[in-house]
Amino acid sequence: MSKLPLRKILGGTAATAMVFSLAACSSEDSGGNDLITYEIDCTQFEEFGDLSGTTVTVYSSIASESEAQPHVDSFAPFEECTGVDVEWEGNRDFEAQMPIRAAAGNAPDIAYFPQPGLMGSIVRDYNDQVVPVGPTAEANIDQYYSEAFKAYGTVDGTLYGVPVGANVKSFVWYSPSMFAEAGYEIPTTWDELMTITEDIAANAEGVEKPWCAGIESGGATGWPATDWVEDMMLRTATPEQYDQWVTNELAFNDPVVIEAIDKAGSILKNPDYVNGGLGNVATIATAPFTDAGLPILDGQCWMHRQASFYQANWGEGVTVAEDGDVWAFYLPADSVDEHPVLGAGEFATAFRDAPEVHAFQAYLTSPDWSNIKGQTTPNGGWLSANTELDPANLTKPIDQLSYEILADPATVFRFDGSDLMPSAVGAGTFWTEMTSWIANDKSTQDVADAIQDSWPSE
Amino acid sequence: MSATAPAMPRKLTRKEQRAVDNKTKLTSPTASVIAIIIAIVWTTPTAGLLITSFRPASEIRTTGWWTVFSNPDFTTENYSDALGTSGLGQSFINSIVITIPAVIIPILLALLAAYAFAWIPFKGRDILFTAVFALQVVPIQVTLIPLLTQYVNVGLDGTLWVLWLSHSMFALPLAIFLLHNFMKEIPASLIEAARVDGAGHVRIFFTVLLPLLVPAIASFGIFQFLWVWNDLLVAMVFASNDYAPVTRKIAEMVGSFGSAWHLLAAGAFISMLVPVIVFLALQRYFVRGMLAGGVKG
C-alpha cells in the first residue's frame, strides 16, 4: 500500500514537469511503434517511385490524443518504407471546418470523412479539388472490402473515398451477471427480445426499467434516436427499401417508414419500458447519450441500444467482456435467418494528385494497415471492414465481436442513414423531429410529414 | 491630477468629500442586498464548475455537483488526466504567443486612429468614424471564408500572422470607438494649450494624451486579452495544429464520442488560470478605466 502514494506523487510531478517544460514535443513521437509486430512488405510501394522527403497532410475529426495517436503510430511502417512524412491534423469541428477549408482553397491532402453524405457534397461542390482514388487503392478495395463499402465511397459513379474505419451500431448493451441471475438467455429474435422486456417490466421495482436511452448530444441532439429508427427500418423493411428511403425515393412519411418509427416507439415511448434509472419517457430527450447506459451498472436498467464505440463510455474499472461487467448482444431481427447490421465508418478522400498521396491511399486500403492499426490501438474502439484483418490484432473483445458481425457472410450491412441523407435532413430535421417525437410526444405521422417536407428539392 | 482644485473654502477636500459620499452610497442596505444576490447568482455556476472539477468521473456522470454537500468525495484525478494530455504545455505557450500580439497590435493601431478621429479635423471624418463604428455590427462568422481565402491567396495560411491579424481586425472597430470616446472626454483646452505652446501631434499624443489614457488602454487590453485567450472559433478556423491554443486542446480532450467529457471542468479551470491572474493584477486599472468613461471633464 505504501507504494501507491509515492507513485502518485512521482506521476504527478512528472506530468507537471512535462506540461510546463518549454521543450516542444516532437511531432515524430513514435511511442507506439513497439506495439507493432506485424511485418510489412515495402516492395508494394515501389510502383509509386521515390517518395522520400514528401509530405502527406491528413485532416480528420479525430483530435483527442488517445484516439489520434493510434492513427499516427499506424503510419510509421509506411513512413519507414517510403520516406513520406504523414502529418496528422485533428479538428473536432471537422464537419464545419472542412467545407470552409475547401471553399478557401486550403484543402488538406487527405480528409477523413465520417459521413459519406458530407463527402458527396464536398465532391460535388469542389469537383476541381478532389482526386479520384488511384488504381492500386481501388484494386485493394475490390479485393479486400465488401461491395457495400465501395459503394459508400463512390460519388456519382466515381470512387472518391477509401474506407478507413468502421463501427457497428446494432448492439444492445447489457450486464451479463444480471441476465444470468434472472435466467435470461441472449435473445435471438425480436419476439424473444420483447418477451424478456415484458418480463423485466413486470418484475421491475422503483426506478428500474428494462431499457434506458439518451439522445442529448449538444447541437447533434437526436442522433441516437435516428439510429434506433434506422435499425428498425432494417428490421421492418427490405434493404432495398432502406436504400430508397435514404435517397427519398421512398418518402419519409411512407407507411413503411411509419411502421419502423412506431417499432422504435414500441420501446422508446412505452412508459413501462423506459427510462431505467433516469425517469420517464421525456428524460430520453435530456439524458446525455454519453451517460445514458450507465444505469445498467447500478442495476436500474437492463438494456441500452448503442454502437460499439460506446465501450469507451463505461468508465474506468468497468470490464467490457462477455464475462465482465457489461457486454453487448446483436440487436436481433424478426427471425434468426435475417442479419441486418447498421454501421458507420470513415472514408479518406484525396485533394492532391500526387504519387505520395496515392501511395498513402494504397497503404490505407491494404490489409497491412488494418492489422497494424489494430495493434497500435491498445484501448480499442477501432476496427475496419477489411476482410483480411485478423481479429486477433484487435485488442478489445467488443471490437472483435463487431468484426465478426461485419465479416459474417449472412450480414446485410447498411450505412447509418442519417449520414447519407442531405445534411438538411440527416443532420437537421431528422434529429430535431425525433427529439420532439420523444420530448413533446409528437405523433409519428406528424414527425414523418415534417421531415418529408424538409427534404431539399434538389 | 487633483492639484487644480478650485480655491473655494470648505471643510473637506474634494477627495474626502467623494469618499464620504461613496461610503453612504455603498452602505445603503438595499444596494448591499442586491449586490450580494448578484454576487451569489454570478458565482454559483463557477463554484459548481470548480466542485465538479474535483469530483470523480463516475460521480460527475451520474449526479449533480450539489450532492457533494451530502456525499463529499473529491479527487485530483481529473487535473492529473487533463494536465497529462501531451502538448498541453505547448498549447499554453501557443495561447500566450497568440494573445500578446493580438492585444498589442489593435491597441497600437486603435490609439493612432482614435487620435485622428478625435483631434485631427479632416474631410469625411464623421462618415469614416460612423463606418468604423458600424463595422462592429458585422458578425465575425460571415468573414471567416473570405478571410481564409485571402490568407491562402497571399500565402499567409498556417502562420501565426493569420491569428494575429484576424484577432486585430475583429477587435479594431470596438477599440477605435472606445479609445476615441476616452480621448474626446479630455478637455479640448488641454490640447489647445499644448498647441499654443508649440506642440505638434506627436508631442500632444505622447506627453499630453497618453498618460491620461493608461486606464482606458488597460481596460481595453483586459477585454481583448480575455476575448483572445478564451477564443475557440478563430482558433478552430485559422490555427494550424502546431499553433492550436489551449482552448482548442481542451475542447479536443473529450474525444470523438464525448467519452471523456468529465475532464472539461478541470480543463476549463486550467485554462482560466492565466486570465484570472491577469485580471487580478490589472483590476485596479480596469475599475479606473470604467470610471474614466463615466466622469465628464
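How many residues of domain 1 of chain B are in contact with domain 2 of chain B? Eight, and they meet ten residues of domain 2. Keep in mind as you look around that this is a predicted model.

Let's stay with chain B for a moment. An automatic or database assignment splits chain B into domain 1, covering 14-75, and domain 2, covering 82-294. Their C-alpha centres sit 29 Å apart. Between them, the two domains of chain B bury about 710 Å², with 80% of that area on carbon and sulfur atoms. On the domain 1 side, look for Leu49(B), Ile60(B) and Arg61(B): together they supply 59% of the area that domain 1 buries against domain 2, more than any other three residues.

What about polar links here? Between domain 1 and domain 2 of chain B, the count of salt bridges is zero, and so is the count of residue pairs in polar contact, taking pairs with both residues at pLDDT 80 or more. If you trace the domain 1 side that touches domain 2, the elements giving two or more residues are helix H2 (29-53) and helix H3 (57-62) of chain B. H2(B) gives the most, with five residues. Sorted by class, that side of domain 1 has four nonpolar residues, three polar and one charged.

Now move out to where the two chains meet. Here 32 residues of chain A are in contact with 32 residues of chain B. The area buried between chain A and chain B is about 2800 Å², and carbon and sulfur atoms give 57% of it. There is one salt bridge between the chains: the side chains of Arg248(B) and Glu89(A) meet at 3.8 Å, N to O. The interface of chain A and chain B also has six residue pairs in polar contact, both residues at pLDDT 80 or more.

On the chain A side of that interface, helix H1 (3-20), helix H2 (65-74), strand S2 (85-90) and helix H4 (94-103) each give two or more residues. H4(A) has the largest share, four residues. By class, the side of chain A that touches chain B holds 15 nonpolar, nine polar and eight charged residues.

Last stop: Val168(A), in strand S6 (residues 161-168) of chain A. Val168(A) counts as buried because its relative accessibility is 0%. Leaving aside residues up to four places away in sequence, Val168(A) touches Ala307(A), Ser308(A), Val341(A), Leu342(A), Gly343(A), Ser402(A) and Leu406(A). As for Thr286(A), 118 residues from Val168(A) in sequence, the C-alpha to C-alpha distance between the two is 24 Å.

Definitions and conventions: Residues are numbered from 1 along each chain as its sequence is written. Chains are lettered from A and ligands numbered from 1 in the order in which they are written. This is a predicted model: local features need pLDDT of at least 70, side-chain atom pairs count only at pLDDT 80 or more; totals for chains, interfaces and linings use all residues. Side-chain values use heavy atoms; hydrogens and water are left out. Buried means under 20% relative accessible area, exposed over 50%, partly exposed in between (1.4 Å probe, protein chains only). Contact means heavy atoms within 4.5 Å. Buried area is the accessible area (1.4 Å probe) that two parts lose on being put together, summed over both. A salt bridge is a side-chain nitrogen of Lys or Arg within 4 Å of a carboxyl oxygen of Asp or Glu. A polar contact is a pair of N or O atoms within 3.5 Å; within protein, one must be able to donate a hydrogen and the other to accept it, and residues adjacent in sequence count only if both atoms are side-chain atoms. Ala, Val, Leu, Ile, Met, Phe, Trp, Tyr, Cys and Pro count as nonpolar, Asp, Glu, Lys and Arg as charged, and the others, Gly among them, as polar.
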